[in-house]
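Visitor: I'd like to learn how to read a model like this one. Could you walk me through it?

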Amino acid sequence: NNIKTVYSGIGGYEKMEQIVETFYGYVKENPVLIPLFPDDLTETAHKQKLFLTQFFGGPRLYEEERGHPMLRRRHLPFPITPSARDAWLACMNLALVEHEVEEPYYTEMMERMTLTANHMMNTPES
Ligand code: HEM
């Protein structure tokens, strides 16, 4: 099978770890996102590495550790407004650019994460 997954195309687990670490570095500096996240992002980053690995075609690590993702339900405790969605996607975009994720993977990743981020919104702009 010569059809690569996004996960293997970008460089596998090591690359995913770097992207996620960089992403949460930006989250920590983002005034819209800071109040939503715990102070210590170690566990959050760990879960996100497992999730994005699985989401982009790698081993199903998230399910092994956390069960069915149910992402919308897991995000309901947090008020996710359109500006939080925009901020999240902006941080992710910076992380992908910083780690030089190339086409077609860059567009594929941003498109799928945009769809999911839209689905996570649960609160109107205040
Ligand atoms: C968890 C915020 C979008 C995947 C979380 C947590 C927050 C959050 C506050 C809890 C962190 C913790 O307690 O450790 C947001 C915001 C988003 C967003 C503001 C903006 C739309 C997304 C998207 C994805 C995603 C697009 C996937 C592509 C996850 C995962 C977890 C998580 C996998 C861990 C769930 C668990 O196992 O507990 N998110 N999120 N999030 N988020 Fe998001």
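Visitor: Which helices each supply at least two residues of the shell around the ligand?

Guide: This is a predicted model, and in it helix H3 (42-55), helix H5 (71-75), helix H6 (82-98) and helix H7 (105-120) each do that. H3 has the largest share, with five residues.

Visitor: Which residues come nearest to the ligand?

Guide: Thr44, Phe51, Trp88, Thr116 and Ala117, out of 22 residues around the ligand. By class, that shell has 13 nonpolar, four polar and five charged residues.

Visitor: On to the core. What's the general idea there?

Guide: In soluble globular proteins, nonpolar side chains tend to be buried together. Here the largest nonpolar core has 25 residues, and Ile19, Phe23, Trp88, Cys91, Met92, Ala95 and Leu96 have the most contacts inside it. Helix H1 (6-10), helix H2 (12-27), H3, H6 and H7 give two or more residues each to this core, with H6 giving the most, seven residues.

Visitor: Which residues of H6 are buried, and what do they pack against?

Guide: Ala84, Ala87, Trp88, Cys91, Met92, Ala95 and Leu96 are buried, and the buried residues of H6 pack against H2 and H7. Take leucine 96: beyond its neighbours within four places in sequence, it's in contact with Ile19, Val101, Tyr106, Met109 and Met110.

Visitor: Why should H6 span 24 Å?

Guide: Because H6 has 17 residues, at 1.5 Å a residue, the expected span is 24 Å; its end C-alpha atoms are 24 Å apart, so the two agree.

Visitor: And what follows H6?

Guide: Glutamate 100, with a positive phi near 50 degrees.

Note on methods. Residues numbered from 1 in each chain as written. Predicted model: local features only at pLDDT ≥ 70, side-chain atom pairs only at ≥ 80, totals over all residues. Near = placed C-beta within 6 Å. Helix = DSSP H or I, 4+ residues; strand = E, 2+ residues; numbered from the N terminus. Nonpolar A, V, L, I, M, F, W, Y, C, P; charged D, E, K, R; others polar. Core = buried A, V, L, I, M, F, W, Y, C linked by C-beta atoms within 7 Å. Buried ≥ 20, exposed ≤ 12 C-beta atoms within 10 Å, placed from the backbone. Contact = placed C-beta atoms within 7 Å. Expected span 1.5 Å × (residues − 1).
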